Amino acid sequence: MTSSPRTSAALLTDHYELTMVQAARQAGTADRRAVFELFPRRLPQGRRYGVVAGVGRALDALEAFRFDPATVAALDGVVDPGMLEWLASYRFSGDVWGYAEGEAYFPYSPVLVVEGTFAEAVLLETVLLSIYNHDSAIASAASRMVVAAGERPCIEMGSRRTHEEAAVAAARAAYVAGFEATSNLAARARHGVPSTGTAAHSFTLLHDAEADAFRAQVQSLGVGTTLLVDTYDVTEAVRLAVEVAGTGLGAVRLDSGDLGEVAREVRAQLDGLGATGTRIVVTSDLDEHAIASLASAPVDAYGVGTQLVTGSGHPTCGFVYKLVAREGDDGEMVSVAKKSTDKQSIGGRKYALRRRSAAGVAEAEVIGIGSPPEDDGDDRPLLVPLVERGEVVGRTTLEEARARHRSSLAELPREVTMMSAGEAAIPTVHLGP
């Protein structure tokens with residue numbers, strides 16, 4: 001499920017995008033055919049793979065990238081009247097290819113390839129980068145958390161730790177990467193992400209006695225609810241929880257202390273009270289490393305907030321958007337590349353496939369420059385059409401993105417399941433002139 005933005009996305013850009021186009025129009029170069037590429041020069045330090053997310057949101061933004069009268073009026077004084085007139089009729093009419101949402105990526109993966117006139121394509125730089133850098137950072141962190149959790153579900157609950165709109169995007173990205181649900185209702189309404197939630201400490205503190213709070217919650221939500229048991233004394237709260245809800249109590253939640261040790265004590269207590277089916281949910285500043293450390297603890301689910309919505313230490317992917325080919329004076333396409341120290345780009349239109357062994361295990365990210373690399377029969381092409389002649393053609397559902405992520409991760413070498421820092425799981429190989 002996706003939702004189209006109701007307002008123009010055209011101001012989600014930088015001042016210099018417009019001034020570049022104004023100068024290019026005056027120089028007669030604005031309509032030159034151009035190929036831009038969105039890619040990472042490297043993975044965040046220590047990461048073995050990244051996850052592409054935000055594709056659906058980017059397509060929504062592209063469709064809404066229109067300079068309506070109010071938007072044009074807001075740009076008075078930024079560019080000249082001729083440029084304002086041109087912006088009023090702006091429509092992206094080019095083509096876009098990209099990695100499918102949920103796909104793994106590696107250094108120099110051509111995550112997005114945009115082809116059109118220079119003027120049309122360069123204006124999309126900032127909005128595409130802002131969406132891809134944020135959503136892919138969240139999805140990359142979420143994927144590591146899901147891997148660390150194994151078969152135990154992860155729930156996104158970080159809305160209060162980030163900007164309100166970033167929270168919605170984060171919930172969506174986490175769901176793509178395998179989280180089961182979110183606490184964010186806007187993500188449910190806009191994107192169809194399942195939502196969940198019961199009560200916070202304030203609900204317990206509202207009542208004269210902890211047992212009163214538990215009774216009120218069970219009466220309203222049923223015995224299958226999750227009771228928060230660490231407001232006061234955990235042992236007493238667990239006893240009261242089972243006394244109030246019975247042995248069919250759905251779950252208890254722990255939000256403080258040594259989660260592994262407390263979970264063991266609570267599991268023993270629940271079993272002793274006959275509540276053997278009552279699950280234990282843990283929260284409290286979890287990241288992938290904390291989740292991995294709880295693998296042997298009797299934990300049934302994880303609620304993750306701050307570390308997820310901040311990318312678990314890497315809140316951006318470092319994606320860049322660079323011109324890699326443009327039309328020359330003779331009408332032929334010319335490869336171009338930036339040569340700045342530590343910020344090099346590789347010129348030329350890119351094509352990508354994932355080289356796999358006969359057993360289906362990924363061995364390399366193979367990037368063809370100028371022409372597609374040869375498929376040896378076991379390989380998988382990575383770039384799919386997203387926009388053709390300005391029309392979106394590559395929209396997928398979130399369930400399809402989740403399935404893509406599962407299959408993409410399953411074909412990578414087993415090293416990706418390791419939480420320790422390491423190099424990219426597979427090398428990136430460039431082929432071509």
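Q: In which loop is the place of Asp285?
A: Asp285 sits in the loop between β10 and α13 (288–293). The model is a predicted one, and every value discussed here is computed from it.

Q: What is the phi of Asp285, and is the residue buried or exposed?
A: Phi of Asp285 is near 50 degrees, a positive value in a residue other than glycine. To judge exposure, take the relative accessible area: over 50% counts as exposed and under 20% as buried. Asp285 has 59%, so it is exposed.

Q: Where does Arg389 lie, and what is the sign of its phi?
A: Arg389 is found in the loop between β17 (383–388) and β18 (391–392). Its phi is positive, about 50 degrees, although Arg389 is not a glycine. With a relative accessible area of 66%, Arg389 is exposed.

Q: How should I read the sheet: what is the order of its seven strands?
A: The general idea is that strands of a sheet pair through backbone hydrogen bonds, either parallel or antiparallel. In this model, an open sheet of seven strands runs in the order β13-β12-β1-β5-β3-β17-β18, and the pairing is antiparallel. The edges are β13 (333–335) and β18; each has a single partner strand, so one side of each is left without a neighbour in the sheet.

Q: How many bridges join β5 to β1, and how many join β5 to β3?
A: Strand β1 (residues 33–40) is joined to β5 by six bridges, and the two run antiparallel. One of the residue pairs is Phe36 with Val114 of β5. Strand β3 (residues 95–99) is joined to β5 by four bridges, also in an antiparallel arrangement. Here Gly98 has Leu112 of β5 as its bridge partner.

Q: How many residues of β5 are buried?
A: The count is five of six, so β5 is largely enclosed by the rest of the structure. As a general point for reading any such strand, in a regular strand the side chains alternate between the two faces of the sheet.

Q: Which strands does α2 lie across, and which does α6 lie across?
A: Helix α2 lies across β3, β17 and β18, and runs at about 20 degrees to β17. Helix α6 lies across β1, β5, β12 (319–327) and β17, and runs at about 140 degrees to β12.

Q: How many cavities of 30 Å³ or more does the structure hold, and what lines the largest cavity?
A: There are three cavities of 30 Å³ or more, and the largest has a volume of about 60 Å³. Its lining includes Val55, Leu62, Val96, Leu112, Val114, Tyr132 and Leu386. Two of these, Leu112 and Val114, also appeared as bridge partners in β5. Helices α2 (55–63) and α6 (125–149) and strand β5 (112–117) each supply at least two lining residues, and α2 gives the most, with four. By class, the lining has ten nonpolar, no polar and no charged residues.

Q: What is the volume of the largest pocket, and which classes of residue make up its lining?
A: The largest pocket holds about 870 Å³ of space. Its 27 lining residues include Met157, Ser183, Ala199, Arg253 and Thr283, which lie nearest its centre. The lining divides into eight nonpolar, 13 polar and six charged residues. Strands β10 (279–282) and β11 (301–304) each supply at least two residues of this lining.

How values were computed. Residues numbered from 1 in each chain as written. Predicted model: local features only at pLDDT ≥ 70, side-chain atom pairs only at ≥ 80, totals over all residues. Heavy atoms only, no water. 1 Å grid on protein atoms, 1.4 Å probe; cavity = no way out; pocket = protein on both sides within 12 Å on 5 of 7 lines; lining within 4 Å. Points joined across faces, edges and corners; volume = space filled by probe spheres on them. Nonpolar A, V, L, I, M, F, W, Y, C, P; charged D, E, K, R; others polar. Buried < 20%, exposed > 50% of the residue type's maximum accessible area, 1.4 Å probe, protein only. Pairing = 2+ DSSP bridges. Contact = heavy atoms within 4.5 Å. Axes fitted to C-alpha atoms, helices over the stretch in contact; angles between N-to-C directions.
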